[in-house]
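Reader: I'm new to reading structures and I'd like to zoom in on just one part. Could you take me through the sheet and what surrounds it?

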Amino acid sequence: MDVTFFNSKVYDKQFFVEENKRFGHKLNFLEVPLNEKTVLLAREAEAVCIFVNDIADSKVLQQLAKAGTKLVALRCAGFNNVDLKAAADLGLKVVRVPAYSPYAVAEHTLALILTLNRKTHRAYNRVREGNFSLNGLMGFDLHGRTVGLIGVGKIGLVTARILKGFGCTVLAYDVRESAEAQEIGVEYTSLEQLYQRSDIISLHCPLTPQTYHLINDYAIASMKDGVMLINTSRGAIIDSRAVIKGLKSEKIGYLGLDVYEEEGDLFFEDLSNKVIQDDVFVRLLSFNNVLITGHQAFFTTDAMQGITRVTLQNISDFEEGKPLVNEVLP
Ligand code: NAD
């Protein structure tokens with residue numbers, strides 16, 4: 001099948017070309033993101049393969065359908081960037097990779113927590129400069145601390161297991177309670193209770209109309225003073241302006257982000273010779289208790305292999321008229 005990739009990077013090409021030896025699709029790699037301006041570059045491909053920040057709104061989908069595209073294959077789990085209703089109306093199928101490595105994201109969550117807490121990023125620079133002073137590097141024991149997880153699906157559950165290993169009390173808020181989580185000692189609470197009791201709060205729910213700006217002024221006001229807030233899920237679950245206020249008032253003691261609500265204009269690109277125009281993002285970068293990574297939580301060889309295999313299998317299933325086990329419906 002003819003597949004046009006948008007937003008593809010060197011590593012995407014490397015993994016997909018290798019795995020495609022087993023599938024035999026015709027892959028066309030474009031570096032540009034999918035949006036209204038670039039959609040024509042799909043050039044009648046039967047399938048387009050897109051990533052987290054590609055824009056598949058109704059205008060883009062209409063153009064794709066008009067040119068003969070039949071399948072939108074997301075090479076990621078989240079699908080908040082696709083207008084699913086418009087896709088269904090146009091007869092376009094949408095598939096995704098619901099699970100590849102929950103360990104990759106959960107382990108990155110811990111990397112953010114541990115780095116913010118023990119300030120290893122600052123220690124690394126100090127020691128290289130011959131500065132062995134410990135001033136400003138004091139952390140706290142994770143053992144015995146309370147961590148609140150918002151969303152305990154695949155990633156939240158792995159995160160809970162790791163945190164249990166550290167000796168943390170794990171609280172959770174989710175619209176669906178999981179017996180597996182309860183078995184390992186996760187305690188479900190109301191959102192309000194979670195905000196009040198947690199030393200660390202980590203987000204693992206999807207971005208939906210219900211979770212958009214869930215972490216706002218009101219939520220932050222209910223949290224413990226000096227709380228650590230971690231987001232490896234989707235940027236817009238956090239109201240960035242509210243978080244900046246929380247950091248300035250020291251209500252928020254630590255912030256770890258792998259995602260940012262306006263990341264589409266920034267992440268996955270080398271902008272080191274450009275001036276960043278997003279003043280909110282630059283303000284976030286200016287706090288020394290804020291650690292930002294550029295949507296890399298998924299980025300392990302294990303996860304990339306899983307993403308590649310499932311994406312190509314999804315495309316083959318569509319081509320062969322098999323049931324689409326990973327279809328996303330409105
Ligand atoms: P999942 O579907 O297994 O789990 C999501 C959980 O969130 C479910 O238990 C669901 O019931 C819960 N949920 C849904 N709406 C909620 C709400 N309003 N309030 C509280 N909980 C709610 O998904 P997953 O595989 O664990 O992934 C979670 C999120 O992580 C994805 O939606 C995606 O946005 C993000 N993600 C990020 C990266 C990255 O590289 N940073 C990689 C993969 C996934």
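Author: Start with isoleucine 200, whose bridge partner in β10 is methionine 228. This is a predicted model, by the way. Zoom out a little and you'll see that strand β9 (residues 200-203) and strand β10 (residues 227-231) run parallel, joined by four bridges. In general, strands of a sheet pair through backbone hydrogen bonds, and they can do so parallel or antiparallel.

Now for the whole sheet: it's an open one with seven strands, in the order β8-β7-β6-β9-β10-β11-β12, and the pairing is parallel. Why do β8 (187-188) and β12 (290-292) each have one side without a neighbour in the sheet? They stand at the edges with a single partner strand each, so nothing in the sheet sits on their other side. Helix α4 (residues 102-118) packs on this sheet, where it touches β9, β10, β11 (252-257) and β12. Its direction makes about 150° with that of β10.

Helix α4 also leads us to the ligand, since α4 and α6 (154-165) are the elements that give two or more residues to the shell around it. The top contributor is α6, with three residues. Of the 31 residues around the ligand, Gly151, Gly153, Ile155, Pro206 and Phe298 come nearest. By type, the shell splits into 15 nonpolar, eleven polar and five charged residues.

And where does the ligand sit? Both domain 1 (2-100 + 300-319) and domain 2 (102-292) give residues to the shell, so the ligand lies between them. The centres of the two domains, taken over C-alpha atoms, are 30 Å apart. Where they touch, domain 1 puts in eight residues and domain 2 ten.

Technical notes
Residues numbered from 1 in each chain as written. Predicted model: local features only at pLDDT ≥ 70, side-chain atom pairs only at ≥ 80, totals over all residues. Domains from an automatic or database assignment. Contact = placed C-beta atoms within 7 Å. Pairing = 2+ DSSP bridges. Axes fitted to C-alpha atoms, helices over the stretch in contact; angles between N-to-C directions. Near = placed C-beta within 6 Å. Nonpolar A, V, L, I, M, F, W, Y, C, P; charged D, E, K, R; others polar.
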